[in-house]
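Hi,

Here is the structure I promised to send over. Have a look at it first, and then read on for what I found in it.

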Amino acid sequence: MPQIFRSSSNKLSLFSLIALFVTLILVAASAYGYFKSSYHTDVGVIREQVIPFSHKHHVQGLGLDCRFCHNAVEKSNTAGMPSTELCLGCHAEIYRDSPILRPLHESLKKDHPLEWTRVHNLPDHVYFNHSIHIKKNVSCETCHGDVGSMPLVSKQRPLTMMWCLECHKQASETKDLTTCTTCHR
């Protein structure tokens, strides 16, 4: 019977299999690198805000507590963002003519809330309740980093599912809270 393939076909098919295997490894490594990178997690990325708010100035310099501006954190699933009225409690008198605060005063005139850009944003399908974590004595710094020392806020933790699961596994009272329905509702 005549030979269908030349003997060099064995080398070509072996080379093709090796190339496919190497390509699959490179694709997997690239995907892993992407999902761990700041391109995906936004760790270290500073989001532009309507007012370049300095947490360092307000927390370290003035001694304000996180709950002064994020006043819903103990009773709601969200921490809440500071309202125009809350900011104007001080800034109606202090630095009132500063160009940086112009959006604040325009917000009051137009009766439209400030539109802060969320830095710590979870996907819509994830349920997270700040008040439960506060009641369990989980500090803000655990998830958000030392925001009080940041002139401009950036995400310090990836806030991925694996990151949250690691935290729950380390805390003795939350070991049973690693089921899917805890966060996905």
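**What I found**

Taking the chain's contacts between residues at least 6 apart in sequence, 61% of them join residues at least 24 apart. Keep in mind as you read that this is a predicted model.

**Overall build**

The secondary structure is quick to describe: 10 helices and 0 strands. Read along the sequence, that gives the pattern α-α-α-α-α-α-α-α-α-α. The chain is more spread out than a compact globule, because its radius of gyration is 25 Å, well over the 16 Å that the globule rule gives for 185 residues. Along the principal axes, the C-alpha trace spans about 100 × 45 × 30 Å.

The surface numbers for the chain are as follows. Of the 185 residues, 21% count as buried. The accessible surface comes to about 13,700 Å², and 61% of that belongs to carbon and sulfur atoms.

**The core, and L114 in it**

In soluble globular proteins, nonpolar side chains tend to be buried together. Here the largest nonpolar core has 7 residues, namely I51, C87, L88, L101, L104, L114 and W116.

I spent some time on L114. Where does L114 sit? You will find it in the loop between α6 (102–110) and α7 (130–135). Is L114 buried or exposed? Its relative accessible area is 12%, under the 20% cut-off, so L114 counts as buried.

Leaving aside residues up to four places away in sequence, L114 touches V50, I51, T84, P103, L104 and S107. Two of these, I51 and L104, are listed in the core along with L114. For P103, the separation from L114 is 11 residues in sequence and 7.6 Å in space, C-alpha to C-alpha.

**A nonpolar patch on the surface**

Now for the outside. L14, I18, F21, V22, I25 and L26 form a nonpolar patch on the surface, and together they have about 580 Å² of accessible area. One of them, F21, is in helix α1, which covers residues 8–36. F21 counts as exposed because its relative accessibility is 54%, and the cut-off is over 50%. So F21 and L114 make a nice pair to look at side by side: F21 is exposed at 54%, whereas L114 is buried at 12%.

**Salt bridges**

How many salt bridges are there? The count comes to 4. Three of them are worth pulling up on screen.

Begin with R67, which forms a salt bridge with D65, the closest N and O atoms being 2.8 Å apart. R67 also pairs with E74, and there the closest N and O atoms are 3.1 Å apart. R67 is partly exposed at 42% relative accessible area. Its partner D65 is partly exposed too, with 40%, and E74 likewise has 40% and counts as partly exposed.

Elsewhere, the side chains of R96 and D97 meet in a salt bridge at 3.9 Å, N to O. R96 is partly exposed at 46% relative accessibility, while D97 reaches 69% and counts as exposed. As for networks, salt bridges that share partners join D65, R67 and E74 into one.

If you open just two views, I would go for the surroundings of L114, with V50, I51, T84, P103, L104 and S107 in contact, and then the patch that includes F21 on the surface.

Cheers

Note on methods:
Residues are numbered from 1 along each chain as its sequence is written. This is a predicted model: local features need pLDDT of at least 70, side-chain atom pairs count only at pLDDT 80 or more; totals for chains, interfaces and linings use all residues. Side-chain values use heavy atoms; hydrogens and water are left out. A nonpolar core is a set of buried Ala, Val, Leu, Ile, Met, Phe, Trp, Tyr and Cys residues joined through side-chain atoms within 4.5 Å. Buried means under 20% relative accessible area, exposed over 50%, partly exposed in between (1.4 Å probe, protein chains only). Contact means heavy atoms within 4.5 Å. Patches are made of residues with over 30% relative accessible area and no salt bridge: like charges are joined within 9 Å, nonpolar side chains (Val, Leu, Ile, Met, Phe, Trp, Tyr) within 5 Å. Accessible areas come from the Shrake-Rupley method with a 1.4 Å probe; for residues, only the protein chains shown count as cover. Helices (H or I, at least four residues) and strands (E, at least two) are DSSP runs, numbered from the N terminus. The radius of gyration is taken over C-alpha atoms; the globule rule is 2.2 Å times the number of residues to the power 0.38.
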